[in-house]
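Please open the structure in your viewer and keep the selection tool at hand. The tour moves from one whole chain to the contact between the chains, and then to single residues.

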Protein chains: 2
Amino acid sequence: MGNVFLNLMDPDEVKEIIESLNIRRKIEKIPLSDVYQRVLAEDIYASINLPPFDRSSMDGYAVSAKDTFGASEDNPISLALIEKIGAGDVPLKKVGQGRCSEIGTGAPLPEGADSVVMVEFTDIKEDNVQIYEAVAPGTNIAARGSDMEKGRLLLSRGTLLTPDKIGAISAIGMSEVLVFAKPIVAVISTGNELVKPDQELRYGQLYDINSETISNAVKSCGCIPLSSNIVKDDYNSIMDKINEFRNADVIITSGGTSAGAGDVLRQVVEDMGRVLVHGISVKPGKPTLIGTLPDENVDIILFGLPGYPVSALMIFEAFVSQFLREMAGVLEYNEKKELRVLKLSRRYHSARGRSHLVLVKIEGDVASPILKDSGAITALAEADGYFEVPKNVEIIEKDEKIKVIPLSGF
Amino acid sequence: MGNVFLNLMDPDEVKEIIESLNIRRKIEKIPLSDVYQRVLAEDIYASINLPPFDRSSMDGYAVSAKDTFGASEDNPISLALIEKIGAGDVPLKKVGQGRCSEIGTGAPLPEGADSVVMVEFTDIKEDNVQIYEAVAPGTNIAARGSDMEKGRLLLSRGTLLTPDKIGAISAIGMSEVLVFAKPIVAVISTGNELVKPDQELRYGQLYDINSETISNAVKSCGCIPLSSNIVKDDYNSIMDKINEFRNADVIITSGGTSAGAGDVLRQVVEDMGRVLVHGISVKPGKPTLIGTLPDENVDIILFGLPGYPVSALMIFEAFVSQFLREMAGVLEYNEKKELRVLKLSRRYHSARGRSHLVLVKIEGDVASPILKDSGAITALAEADGYFEVPKNVEIIEKDEKIKVIPLSGF
């Protein structure tokens, strides 16, 4: 196997390759009560008029407007009260010609009525209502279909189902909707030095971090992570583990960056499929690998992240997260995710020729770069987001404005 | 019962009352694999040094620095290679006095070594390594405890557990953590006109919207919603339903705003406990009620939202959501939730004397107010967020900057 020299690619070139990958979105029908944070996979049209009937938007009296013409404080008009209609009631009597019905907010308008006089502009004496204000037809009424006519588009495919949008679906009485199925993402940590939690550390060993970090980042992109046990850094162990996950849509490995071991993953992917990227001109995360493994339908995509936890998470955020969201159907995420424009706390010096991804801690409107090496765990404990320094920028001055991208999951 | 006049309170006064409510936070221990988006209920201290041993941060050769002094391109120093140490290996041999060991990134330093020469500055001939660069002690080494010493604070109580923070916990090998238990919130829709999904609408009936809207908004605040069936707008039905949910931490009702019906909820709460607020000087949402029901330990808090879906959601967002997040322990949410400063698309005119909560649709950096009545469902379908107009502001001009608060769940 030996050392393979990395052919470093520009970050933008890598992003183009990722965007050109074939993905297949699966869809599924689920109950409305389970759709929170899922993504709509169908256009939803109003199957009924909204509101479904002419209704009162105030508490008051349903009248024929012309019966009120001329009414004023000084010169009230008296109408005979013939019925009381609350929300959910079905009106039985016809108003107009000197007759009116008491009506509650949301209650259906009785026959003959074209407007509602607010209770504040009336007075009641026995069964006679004094009307102190003239109303025009349509006053205080929400007409059938005035909010949305039956057949119109209510929500589009690709809508993230937040509480308000779920409410809109409830309004037309749907109890099940088509959503994009969550892609299945296998997460594999490789490394001879890694052990699982709660075990005693022997000299030279570390607790596995990336399994949890990447699995949870996968959740934040609307996908389902499948976690594996830790895999040793050798050809057969890695190949066997990848074969175990041939049912996944995406496989994400991390680690194998110890001397020469990076080449093992490359060799496995070359033997099983195709290596598209090996080496990105970015810091941290240079030895990243991207490949495809042939499958019956659409190829399985494999991302090989670096082993250091900060590097793995940064490459995930910058190159993998958006791809997973696309696959999960979260089409509008990018435009709605707000970049925070913040002041840099100190001068930042970047090495030329490589893009930098820099973790920051946010306090108020100030972002402080976390200047620790990629093996530092405290960087993860402190980080709130990161910013990108393009390869042609060497220095960003203190107090300059930078665009901070929040980390996934907040 | 009769009509009770609302004693309209100022929004700020209402917020103070809500902040002064007694809440009891429960905690629970759960596996690390389940903690995504939960909130840490304990301070976590590093139980081991990070890194746990002196390790190499590069691929290269572990040396005693003084053996390299004087080495240069022209004048390399030759060291005998005695061992190869990969990540996870335990070094067996001592270096120094003309001896070195090959070492991988992340591998533990052998006895006698105090620095690593990068592989780029070496050459190997049989078992002899040519060193082309002198290094100072400590070069390319991450010393034991240099990232964090055992015993130091790694993460604080109240931290939202995002992927990066979960990774930091993994680093010290913890497999279970204490988190705040999710508060239980009963969600009750009242209204004689309401029916559940998939049923045929009779004249004057509407599908229930608030059960789904509010239940999902409750989820977005880190709480567990318990949904009830729809409840009729009468004293006994409402009281029975509330009694059914005496195990909840919070009860949220909506509806009962049809003529006179608002008073039913008030009467129930007065008879079961205490009414703290009935009427807020805000549009929409004036008839909102807040009360407490005595319980063995801490009172159950009851929020009575208006029935119109937009009103119910706006009052939830503006008055209830922050309270639920506090109860769920999401202490840092408020400072991290970003308000978006956007341009108003058109002149907005607000009635004097009441605060306004105005839904907006966001396109680019422009926010367009959704000027529909609170019964409009399309407002929910279109909304991205809302802004507040204080009661003493009557007009906001086109293109003025406003602070838009995103709706929960995005």
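What share of the contacts in chain A with a separation of 6 or more comes from residues 24 or more positions apart? Such residues account for 69% of those contacts. Bear in mind throughout that this is a predicted model.

**Chain A as a whole**

Select chain A and colour it by secondary structure, and you should find eight helices and 28 strands. Along its principal axes the C-alpha trace spans about 100 × 55 × 40 Å, and the radius of gyration of chain A is 32 Å, where a compact globule of 410 residues would have one near 22 Å. Buried residues nevertheless make up 50% of the 410 residues in this chain.

Next, colour chain A by domain, taking residues 11-26 and 182-335 as domain 1, residues 29-50 and 149-180 as domain 2, residues 55-142 as domain 3 and residues 338-406 as domain 4. If you then place a centre on the C-alpha atoms of domain 1 and another on those of domain 3 of chain A, the two centres are separated by 68 Å.

**The two chains together**

Now show chain B beside chain A. A rotation of 180° with 0.0 Å of shift along its axis superposes chain B on chain A, with an RMSD of 0.1 Å, which is the relation of a two-fold axis. The same surface serves both copies, since 100% of the contact residues of chain B recur in chain A.

The contact takes 79 residues from chain B and 80 residues from chain A. To find the side of chain B that touches chain A, select the elements that each give two or more residues to it, namely β11 (153-155), α2 (163-170), β15 (206-207), α3 (210-220), α6 (309-327) and α8 (378-382) of chain B. Of these, α2(B) gives the most, with seven residues. Colouring this side of chain B by residue class should show 39 nonpolar, 26 polar and 14 charged residues.

Stay on α2(B) for a moment. Is this helix enclosed or open? Eight of its eight residues are buried, so α2(B) is largely enclosed by the rest of the structure. The buried residues of α2(B) include B:Asp164 and B:Lys165 as well as B:Ile166 and B:Ile169.

**The nonpolar core**

Select A:Ile251, A:Ile252, A:Leu324, B:Ile251, B:Ile252 and B:Leu324, which are the residues with the most contacts inside the largest nonpolar core, a set of 188 residues. The largest share of this core, 13 residues, comes from helix α6 (residues 309-328) of chain A. Centre the view on A:Ile252 and look beyond its neighbours within four places in sequence: it is in contact with A:Val185, A:Ala186, A:Val187, A:Ile214, A:Phe303, A:Leu305 and A:Val320.

**Helix α4 of chain B and the loop before it**

Move to B:Asp234, in the loop between β16 (224-227) and α4 of chain B. B:Asp234 counts as partly exposed because it has 15 C-beta neighbours inside 10 Å. Although B:Asp234 and B:Gly191 are 43 residues apart along the chain, their C-alpha atoms are separated by 9.0 Å.

Continue to B:Ser237, in helix α4 (residues 235-244) of chain B. B:Ser237 likewise counts as partly exposed, with 16 C-beta neighbours inside 10 Å, and it touches B:Val231 and B:Lys232 when residues up to four places away in sequence are not counted. For a view across chain B, draw a distance from B:Ser237 to B:Ile166, 71 residues apart along the chain, and the C-alpha atoms should be separated by 45 Å.

**Backbone details to inspect**

Two peptide bonds deserve a look. In chain A, a cis peptide bond joins A:Leu50 and A:Pro51, with omega about -15°, and A:Pro51 has its place in the loop between β2 (44-45) and β3 (55-56). In chain B, the peptide bond from B:Lys283 to B:Pro284 is cis, with omega near -5°, and B:Pro284 is found in the loop between β19 (282-283) and β20 (289-293).

Finish with A:Asp198, in the loop between β14 (194-195) and β15 (206-207) of chain A. Phi of A:Asp198 is near 70°, a positive value in a residue other than glycine, and A:Asp198 is exposed, with 11 other C-beta atoms within 10 Å.

Key: Residues numbered from 1 in each chain as written. Chains lettered and ligands numbered in written order. Predicted model: local features only at pLDDT ≥ 70, side-chain atom pairs only at ≥ 80, totals over all residues. Least-squares fit on C-alpha atoms with pLDDT ≥ 70 in both. Contact = placed C-beta atoms within 7 Å. Helix = DSSP H or I, 4+ residues; strand = E, 2+ residues; numbered from the N terminus. Nonpolar A, V, L, I, M, F, W, Y, C, P; charged D, E, K, R; others polar. Core = buried A, V, L, I, M, F, W, Y, C linked by C-beta atoms within 7 Å. Buried ≥ 20, exposed ≤ 12 C-beta atoms within 10 Å, placed from the backbone. Rg over C-alpha atoms; globule rule 2.2 N^0.38 Å. Domains from an automatic or database assignment.
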